[in-house]
Amino acid sequence: MTDTDLPAALAEPVTRVRPGWTSLLFLANIGLWLGIYAPIQVLLPEQAELLDAADKELVFGIVTGVGAVVSLFANPLVGLASDRTRSRFGRRHPWTLLGALVGAAGLVVLALAANVFVMTVGWCVVQAGLNGMLATLTSAVPDRVPVEQRAQIGGLVGISQMLGTVLGAVLVTVLVTSLPGGYVACAGLVVLGAAVFVLRTPDLALPRGWRPAHGWREVLAELWVSPRAHPDFAWAWSCHFLINLGNALGTFFLLFFLKDAVHYPDPDTGLLIMMGLYGAALVVGGLTVGWLSDRSGRRKPYVWLSVLVMAAAAFTLTIWQTWPAALAASPLLGVGFGAYWAVALAILTQVLPAAQDRAKDLGVINIANLLPQVIAPLLATVILSNLGGYPALFAAAGVATLAAGAAVARVKSVK
């Protein structure tokens, strides 16, 4: 199938998206990430401690690890389904709304969970729903945004992830202080963000007579994207995986870090302060680098810059486990991660193998964002228990981040 044979929904976009569309995508992403990270950063650790104070790290690691395994399947499979959906409401929107509703249902289950098993089931439902939503919201970028605008939009998507994290922390530590109330509030905001985006933005439908180039069996087999056939895709995937592994190792256990290593008297407030600094710096990094990258047409130099800044944050906490060091590391990590996300979506969407499989291939890329959620809790538990504690944990985060810079250097089709 040639480019001229593709339906309009699969054509490369050429019209710049308007601020209204961008704002609604931004709000939907904030709701999505709030629904994921408010539990990860605050609610799940607190619930793990309530259910089993003696083994709180182990419970937290098991719950988040099992949930992340579910996300590994949900993201590419929902993306694959949306690529082949021929609803009159569009390809992506039905799955976006369904994913939000499923994720909200899982958050309600968590609010009612009285034991570790129900807690694990609830988090698995959340991961299944919200990662389906993530697959379709991420696909909106190559579906609607021209290449020359993608770093700016990518920067806003990265900002939405961290702003959702910060707002989630505020929501469940300041505005709604009960554990069940926090989960229910997150559920409501997830559905609200998705509903507004779905109801107020267009979603091009595939023609009713259109059929994909391959059947379901062949496409399922293509969830594996050959590194030999698509080396740039493989190296970009590796960079994204390593960046997210480093970020996960450095942030997953921050609440316990403040409590057990820094001995900060009010860990919840301390985490909120750190996330505030992190989020403010991320906005600066994302907006600045997004504009510079689109203006210059270059992506990789900004990845290298972000890698150095993020690694510096990790190694700061490797050397000093103190409150001043945490305050210094937070904005460094934020500005670095914001700079990375500004160019990440631009790079990743420019190395996709086929237009008709955008959401499926982005689902495979999102595995690089999700797999660290499986690995990091388990790896961090081993490091904290047997390999040197928090200094070793942050050192591992820094090494993984530096390795991402080496991986992106191998991407040949992007400057």
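Biologist: Happy to look at this one with you! What radius of gyration would a compact globule with 415 residues have, and what does the chain have?

Modeller: This is a predicted model, so keep that in mind throughout. For 415 residues, a compact globule would come out near 22 Å. The chain agrees with that expectation, as its own radius of gyration is 20 Å.

Biologist: Which secondary structure elements does the chain have, and how many?

Modeller: Read along the sequence, the pattern is α-α-α-α-α-α-α-α-α-α-α-α-α-α. The strand count is zero, and the helix count is 14.

Biologist: What share of the contacts with a separation of 6 or more comes from residues 24 or more positions apart?

Modeller: Some context on the chain helps here: its C-alpha atoms fill a box of roughly 65 × 45 × 40 Å along the principal axes, and 58% of the 415 residues count as buried. Among contacts with a separation of 6 or more, the share from residues 24 or more positions apart is 86%.

Biologist: How much of the exposed area do carbon and sulfur atoms supply?

Modeller: The chain exposes about 15,800 Å². Of that area, carbon and sulfur atoms supply 68%.

Biologist: And the charges: how far apart are the mean positions of the positive and negative ones?

Modeller: The chain carries 25 positive and 21 negative charges. Taking the mean position of each set, the separation is 11 Å.

Biologist: Let's go to single residues. Is Thr120 buried or exposed?

Modeller: Thr120 sits in helix α4, which covers residues 116-144. Leaving out residues up to four places away in sequence, Thr120 touches Val63 and Val66. Its relative accessibility is 13%, and the cut-off for burial is under 20%, so Thr120 counts as buried.

Biologist: How are the rings of Trp237 and Phe241 arranged in their aromatic pair?

Modeller: The structure holds eight aromatic pairs. In the pair of Trp237 and Phe241, the ring centres are 5.6 Å apart and the planes differ by 10°. Planes under 30 degrees apart count as stacked, so the Trp237 and Phe241 pair is stacked.

Biologist: Why are Trp237 and Phe241 separated by about one helical turn?

Modeller: Both residues belong to helix α8, residues 231-251. Phe241 is also buried, with a relative accessible area of 14%. The reason for the spacing is that Trp237 and Phe241 are four residues apart in helix α8.

Biologist: Which residues does Trp323 contact, leaving aside neighbours within four places in sequence?

Modeller: Trp323 is in helix α12, residues 323-350, and counts as buried at 18% relative accessibility. Val262 is 61 residues away from Trp323 in sequence, yet their C-alpha atoms are 6.2 Å apart. With those neighbours left aside, the contacts of Trp323 are Leu258, Val262, Tyr264, Gly270, Ile273 and Met274.

Biologist: What is the phi of His263?

Modeller: His263 lies in the loop between α9 (254-260) and α10 (267-296). With a relative accessible area of 57%, His263 is exposed. Although His263 is not a glycine, its phi is positive, at about 60°.

Biologist: One more from that region: how far apart in space are Thr269 and Gln152, C-alpha to C-alpha?

Modeller: Thr269 lies in helix α10 and is partly exposed, with a relative accessible area of 35%. Thr269 and Gln152 are 117 residues apart in sequence. Their C-alpha to C-alpha distance is 32 Å.

Biologist: Lovely! Which residues form an aromatic cluster with Phe257?

Modeller: The cluster brings Phe257 together with a tyrosine and another phenylalanine. Those partners are Tyr390 and Phe394.

Terms used. Residues are numbered from 1 along each chain as its sequence is written. This is a predicted model: local features need pLDDT of at least 70, side-chain atom pairs count only at pLDDT 80 or more; totals for chains, interfaces and linings use all residues. Side-chain values use heavy atoms; hydrogens and water are left out. Helices (H or I, at least four residues) and strands (E, at least two) are DSSP runs, numbered from the N terminus. The radius of gyration is taken over C-alpha atoms; the globule rule is 2.2 Å times the number of residues to the power 0.38. Buried means under 20% relative accessible area, exposed over 50%, partly exposed in between (1.4 Å probe, protein chains only). Contact means heavy atoms within 4.5 Å. Accessible areas come from the Shrake-Rupley method with a 1.4 Å probe; for residues, only the protein chains shown count as cover. Lys and Arg count as positive and Asp and Glu as negative; His and the chain ends are not counted. The place of a charge is taken as NZ of Lys, CZ of Arg, CG of Asp or CD of Glu. Rings of Phe, Tyr and Trp (its six-membered ring) pair if their centres lie within 6.5 Å; planes under 30 degrees apart count as stacked, over 60 as edge-to-face and the rest as tilted.
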